[in-house]
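Got the structure open in your viewer? Let's walk through it one selection at a time.

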Amino acid sequence: MELKEFKTDTIIEPFRIRSVEPIRFTTMEQRKELLKKAGYNPFLLKAKDVLIDLLTDSGTGAMSSQQWSGMISSDESYAGSESFYRFEKAVQDITGFKHVIPTHQGRAAENILFTTIAKKGDVIPSNTHFDTTRAHVEHNGAEALDLVIDEGRQPLTIHPFKGNMNVEKLEATIGRVGSEKIPAIMLTLTNNSGGGRPVSMENVKAVSDVARKFDIPFFIDACRFAENSWFIKTREDGYEDKSPIEIAREIFSYADGCTMSAKKDGMANIGGFLALNDDQLAQDCRSLTILTEGFPTYGGMAGYDMEAVAAGLYEALDEGYLKYRIRSTAYLGDKLIDAGISIVQPTGGHAVYIDAKEMLPQIDPLDYPAWSLTNALYLIGGVRAVEIGTVMFGLQPDGSEKPAAMELVRLAIPRRVYTQSHIDYLAEVVIHAFEQREQLKGYEIDSAPKVLRHFSARLKPL
Ligand SMILES: *Cc1c(COP(=O)(O)O)cnc(C)c1O
């Protein structure tokens, strides 16, 4: 018997499920009540009342049996635990950086780095600073400057690496403020605030060349370094035959250090690190770590968290995983595009962003169209998404309100959590909302705090 080779384009989940967690179904009547009680703010819903939770991909992933086995056999010694050395070895192996400082989250690594290097009058350029990064830079009196390429700000322009930094603008900035006022240059991989958009290796190299020419330290915000490596493999010439780990190592080889949230491509529920080469800077950062996090061999993490991250960093770089990961995001994006829904293109690594301004022209930006769509998704199908629009960004320091540049609804996909049928269901919910878009109405704010109001504001339908 001669069997033909089996070929398929179907990408299956590269795991089988060994532990399950029930999700709770509710009726639309119940969801109406629940949403009203939550002040029409999905952040204030109880997670148990959500069927498919796409609020964030941060710390919400499923861990592997290997991660769990590491957790059970962890070493919880205060100083010099085996778990730390396994964690340190994994980070050094992948990043090549000499010093590894564990922290409880990415923002703790940012706090330690920027408190140590930044001061009033300094400027820290990046492609786009993530909000916690920006907050830490500004907290230390420095300016957080975003220099993403123009295509990165245009939702409908197709460009393979929309996270790239504009290198000419970087050089102009150095010329304007002087290299002594720039304690570091950063690149966020992938560019989260820009929609999970990757940065090309060519751009990483170009930024690194400028940093070296002017003797400025170059740091990577590495939260989604594995997803970024996959985009380089599949979109950039010369990388198609390299493995994701080889690509990741090359990226880090051009930098002097990185900050990392292990809640993303660390595949863990909590954790992070700061890694860097400079001995003196590492010593200064460790002193601050003791003050704010803990002894430098555990920082802000339990031994079992470090075990989960040590295994997770390699799992995030697994080709089968990355292929499935990026495909599941694109699969959702394709379904929405086919239905005529306008999304930010091309889809990034960890989320799909729906353009609510385009979908709901009848709702004035100051009546929060993206918020309205977010609530509709919950009412229709128990889906929790997040508004990235005027409720999040519209409040000005003087108390006035200005429409945000874009009205987006982000559907962030947790890692290894939802199956293809969950995604099919989700697409149906969004399409149902789209078909009834003329019915959707705006909202107004009932009460809200002065800062970061989207987390706890209470709203009313108009
Ligand atoms: C999540 C994130 C951070 C902050 O990490 P936390 O673990 O949430 O503190 C920093 N930068 C980027 C790009 C992120 O996505």
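Start by selecting L459. With a relative accessible area of 3%, L459 is buried, because anything under 20% counts that way. Keep in mind as you look around that this is a predicted model. L459 sits in strand β14, which covers residues 458–461.

What is L459 in contact with, once you leave aside its neighbours within four places in sequence? Show G39, Y40, Y368, W371, V391, Y443, E444, I445 and D446, and you have the set. Pick E444 out of that group and check the C-alpha atoms: those of L459 and E444 are separated by 5.6 Å, with the two positions 15 residues apart along the chain.

Next, click on N41. You'll find N41 in the loop between α1 (28–37) and β1 (52–53). Is N41 buried or exposed? N41 is buried, with a relative accessible area of 0%. Leaving aside neighbours within four places in sequence, its contacts are L35, W371, H454, F455, S456 and A457. W371 should ring a bell, since W371 is also in contact with L459.

F455 leads to the next stop. Select V451, L452 and F455 together: these residues make a nonpolar surface patch of about 320 Å². V451 belongs to the loop between β13 (443–447) and β14. At 63% relative accessibility, V451 counts as exposed.

Now for the ligand. Show everything around it and you should get 14 residues, the closest being R107, N192, D221, S261 and K264. Which helix gives the most to this shell? Helix α4, residues 106–117, does, with 3 residues.

Zoom in on a few atom pairs here:

- G106: a polar backbone atom of this residue is 2.9 Å from an oxygen atom of the ligand.
- N192: here a polar side-chain atom lies 2.9 Å from a ligand oxygen atom.
- D221: look for a polar side-chain atom 2.7 Å from a nitrogen atom of the ligand.

Switch on a surface while you're there: on its own the ligand has 380 Å² of accessible area, and the protein covers 98% of that.

Time for some backbone oddities. Go to the peptide bond from L189 to T190, which is cis, with omega near -20°. T190 is placed in the loop between β5 (185–188) and α7 (201–213). Then jump to the peptide bond from Q345 to P346: this one is cis too, with omega near -15°. For P346, the place to look is the loop between α12 (319–338) and β9 (351–355).

Two last selections, D215 and R416. What is the phi of D215? The angle is positive, about 60°, although D215 is not a glycine. D215 is in the loop between α7 and β6 (218–221), and its relative accessible area of 71% makes it exposed.

R416 is not a glycine either, yet has a positive phi of about 65°. Look for R416 in the loop between β12 (408–412) and α16 (420–435). Is R416 buried or exposed? At 15% relative accessibility, R416 counts as buried.

Methods:
Residues numbered from 1 in each chain as written. Predicted model: local features only at pLDDT ≥ 70, side-chain atom pairs only at ≥ 80, totals over all residues. Heavy atoms only, no water. Helix = DSSP H or I, 4+ residues; strand = E, 2+ residues; numbered from the N terminus. Buried < 20%, exposed > 50% of the residue type's maximum accessible area, 1.4 Å probe, protein only. Contact = heavy atoms within 4.5 Å. Patch = residues over 30% accessible without salt bridge, like charges linked within 9 Å, V, L, I, M, F, W, Y side chains within 5 Å. Areas by Shrake-Rupley, 256 points an atom, 1.4 Å probe, with all protein chains shown as cover. Salt bridge = Lys/Arg side-chain N within 4 Å of Asp/Glu carboxyl O. Near = heavy atom within 4 Å. Polar contact = N/O pair within 3.5 Å; in protein donor to acceptor, adjacent residues only side chain to side chain.
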